[in-house]
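Please work through the following exercises with the structure open beside the text. Each one sets a task and then gives a solution in steps.

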Amino acid sequence: MEGVRFNSPFISGNERKYIDEVFESGHFSGNGPFTQRVQTWLEDFLDAPRVLLTHSCTAGLEMSAMLNGFGPGDEIIVPSFTFVTTASSMMRTGAKVVFCEVEPETMLIDINDVESKITDRTKAIVPVHYAGFSPDMEIISQVCKRHKITFIEDSAQGLGSSWNGRKLGTFAPLASISFHETKNIHSGLGGCLVVNDEGLIDEAEIIWERGTNRSAFFKGLVDKYSWQAVGSSFYPSELQSAFLLAQLESMESNLSQRMELWNEYERCFTSLEKSGVLRIIRPPSGCYHNAHMFAISLNSPEEADKTRIRLNENGIQAVIHYVPLHTSPMGIKMGYSPEDLPKTNLAAQCLLRLPLHLDMSINDIQRIASLF
Ligand SMILES: Cc1ncc(COP(=O)(O)O)c(C=O)c1O
């Protein structure tokens with residue numbers, strides 16, 4: 001019986017055609033015609049004032065931390081259940097990361113736990129749009145306003161999702177999206193910074209352009225460009241941008257096919273859920289999601305391990321997700337012990353992700369469900 005891979009990177013079909021156009025233009029480096037076309041595409045799609053393509057979501061998070069001016073003595077609250085760089089991008093400024101719990105039902109940030117961890121050193125919260133789901137963005141905004149702090153959206157997985165009709169990545173002053181090949185839409189590696197606060201656009205462009213005002217020079221605003229601030233080399237090459245444009249132009253059909261697969265999983269697994277075998281990780285109300293991931297929670301870590309091994313033995317690449325950061329060797333070095341965030345610890349160990357990509361079929365999903 002044929003196996004089912006966990007992921008298979010999406011290919012739209014037009015990537016090579018656009019890459020050929022890069023060869024024809026002779027502009028390979030970056031911030032060229034394809035980068036600008038993709039940025040405009042994303043600005044229109046998100047209805048955001050400025051989008052800057054980056055070489056990764058990590059780069060967008062690092063830029064966000066720099067633009068907020070975080071530094072030693074500042075505290076940033078980050079869910080422990082997330083990718084490493086949600087935390088490390090904040091720490092590179094010298095700021096301290098304070099880990100908080102996630103809600104086991106959604107694996108999204110637990111806002112009550114966040115509030116209990118806010119001190120007079122807290123500068124920001126970083127909600128993560130896990131699985132393309134969104135926590136209640138209204139509550140997050142209110143908490144930030146009340147405590148006079150900001151928030152940064154880690155929307156690595158969130159492109160195409162929305163909360164109460166507004167696209168994820170447009171709520172915070174700054175948000176970052178990933179185009180890594182594991183995401184619905186990708187460029188091998190890649191990402192973007194969404195600048196929703198217009199007051200940050202000029203500074204963001206300087207940081208993005210290696211610390212120079214080269215972007216202003218290209219717009220004809222200055223007659224020569226020079227070093228303005230500490231920045232870095234944050235943008236991708238035109239080859240990646242060309243690849244990404246082809247992907248974005250197929251996003252609508254990509255998301256609707258993914259949603260068909262997600263809905264079939266939900267249909268097949270609802271009876272298992274009713275009989276108490278597992279729980280489906282579903283989006284909270286108000287959230288329209290992009291079918292990035294189908295994840296389930298088993299009743300115990302042992303059940304999750306047994307189920308994963310059984311599926312793997314049958315050729316189904318079911319996988320765990322993040323090891324909570326507070327339990328990692330780095331988290332221990334930071335002074336945490338696993339018991340500090342017990343809810344997150346248990347929820348992460350019970351979680352299992354199932355294959356979801358466009359090279360699989362509805363029949364594959366029915367076969368996976370039959371193995372439970
Ligand atoms: C929640 C989250 N944040 C950040 C990242 C980092 O994205 P990138 O690999 O594009 O830097 C990822 C990557 O998977 C992620 O899942």
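The exercises below concern a predicted model, and they go from sheets to helices, the core and some single residues.

**Exercise 1. Establish the strand order of the seven-strand sheet, and find which strands stand at its edges.**

Solution. Begin with the order, which reads β1-β11-β10-β7-β6-β2-β3 in an open sheet with mixed pairing. Next look at the two ends: β1 (50-54) and β3 (96-100) each have a single partner strand, so one side of each is left without a neighbour in the sheet. Finally consider the twist, for which neighbouring strands are turned by 25° against each other on average when direction is ignored.

**Exercise 2. Follow the pairing from β6 through β7 and β10 to β11, and say in which sense each pair runs.**

Solution. Start at strand β6 (residues 122-125), which pairs with β7 in the parallel sense over two bridges, with Ile 125 standing opposite Phe 151 in β7. Then move to strand β7 (residues 150-154), which is joined to β10 by three bridges and runs parallel to it; here Ile 152 is opposite Leu 174 in β10. The last step leads from β10 to strand β11 (residues 191-195), where the sense is antiparallel and five bridges are found, and where Ser 176 stands opposite Leu 193 in β11.

**Exercise 3. Decide whether strand β10 is largely enclosed or open to the outside, and sort its residues by the way they point.**

Solution. A residue is taken as buried if 20 or more other C-beta atoms lie within 10 Å of its own. By this count five of the five residues of β10 (residues 174-178) are buried, so the strand is largely enclosed by the rest of the structure. For the sorting, recall that side chains in a regular strand alternate between the two faces of the sheet. In β10, Leu 174, Ser 176 and Ser 178 point one way, whereas Ala 175 and Ile 177 point the other way, and all are buried.

**Exercise 4. Describe how helix α3 is placed against the sheet and against helix α4.**

Solution. Take the sheet first: α3 packs on it, touching β1, β7, β10 and β11, and the direction of α3 makes about 165° with that of β10. Then turn to helix α4 (residues 84-91), whose axis comes within 8 Å of that of α3 and crosses it at roughly 35°, in a right-handed crossing. The residues that meet are Thr 58, Leu 61, Glu 62 and Ala 65 in α3 and Thr 85, Thr 86, Ser 89 and Met 90 in α4.

**Exercise 5. Locate the largest nonpolar core with respect to the two domains, and name the residues that touch the most other members.**

Solution. The core has 101 residues, of which Ile 76, Met 90 and Val 126 touch the most other members. Its largest share, six residues, comes from helix α3 (residues 57-67). Domain 1 (15-249) and domain 2 (251-370) both give residues to this core, so it lies between them. To see one of these residues in its surroundings, set aside the neighbours of Val 126 within four places in sequence; the contacts of Val 126 are then Ile 76, Val 78, Thr 86, Met 90, Phe 151, Ile 152 and Asp 154.

**Exercise 6. Find where His 326 lies, and decide whether it is buried or exposed.**

Solution. His 326 is placed in the loop between α11 (301-313) and α12 (329-333). Because it has 28 C-beta neighbours inside 10 Å, His 326 counts as buried. Beyond its neighbours within four places in sequence, His 326 is in contact with Ser 80, Phe 99, Gly 331, Tyr 336, Asp 340 and Leu 341.

**Exercise 7. Examine the phi values of Asp 47 and Arg 210, and give the exposure of each residue.**

Solution. As background, most residues other than glycine have a negative phi. Asp 47, in the loop between α2 (33-46) and β1, has a positive phi near 55°, and with 10 C-beta neighbours inside 10 Å this residue counts as exposed. Arg 210, in the loop between α7 and α8 (214-218), has a positive phi near 60° and is partly exposed, with 15 other C-beta atoms within 10 Å.

Conventions. Residues numbered from 1 in each chain as written. Predicted model: local features only at pLDDT ≥ 70, side-chain atom pairs only at ≥ 80, totals over all residues. Core = buried A, V, L, I, M, F, W, Y, C linked by C-beta atoms within 7 Å. Buried ≥ 20, exposed ≤ 12 C-beta atoms within 10 Å, placed from the backbone. Helix = DSSP H or I, 4+ residues; strand = E, 2+ residues; numbered from the N terminus. Domains from an automatic or database assignment. Contact = placed C-beta atoms within 7 Å. Pairing = 2+ DSSP bridges. Axes fitted to C-alpha atoms, helices over the stretch in contact; angles between N-to-C directions. Left-handed = near helix turned anticlockwise from the far one by under 90°.
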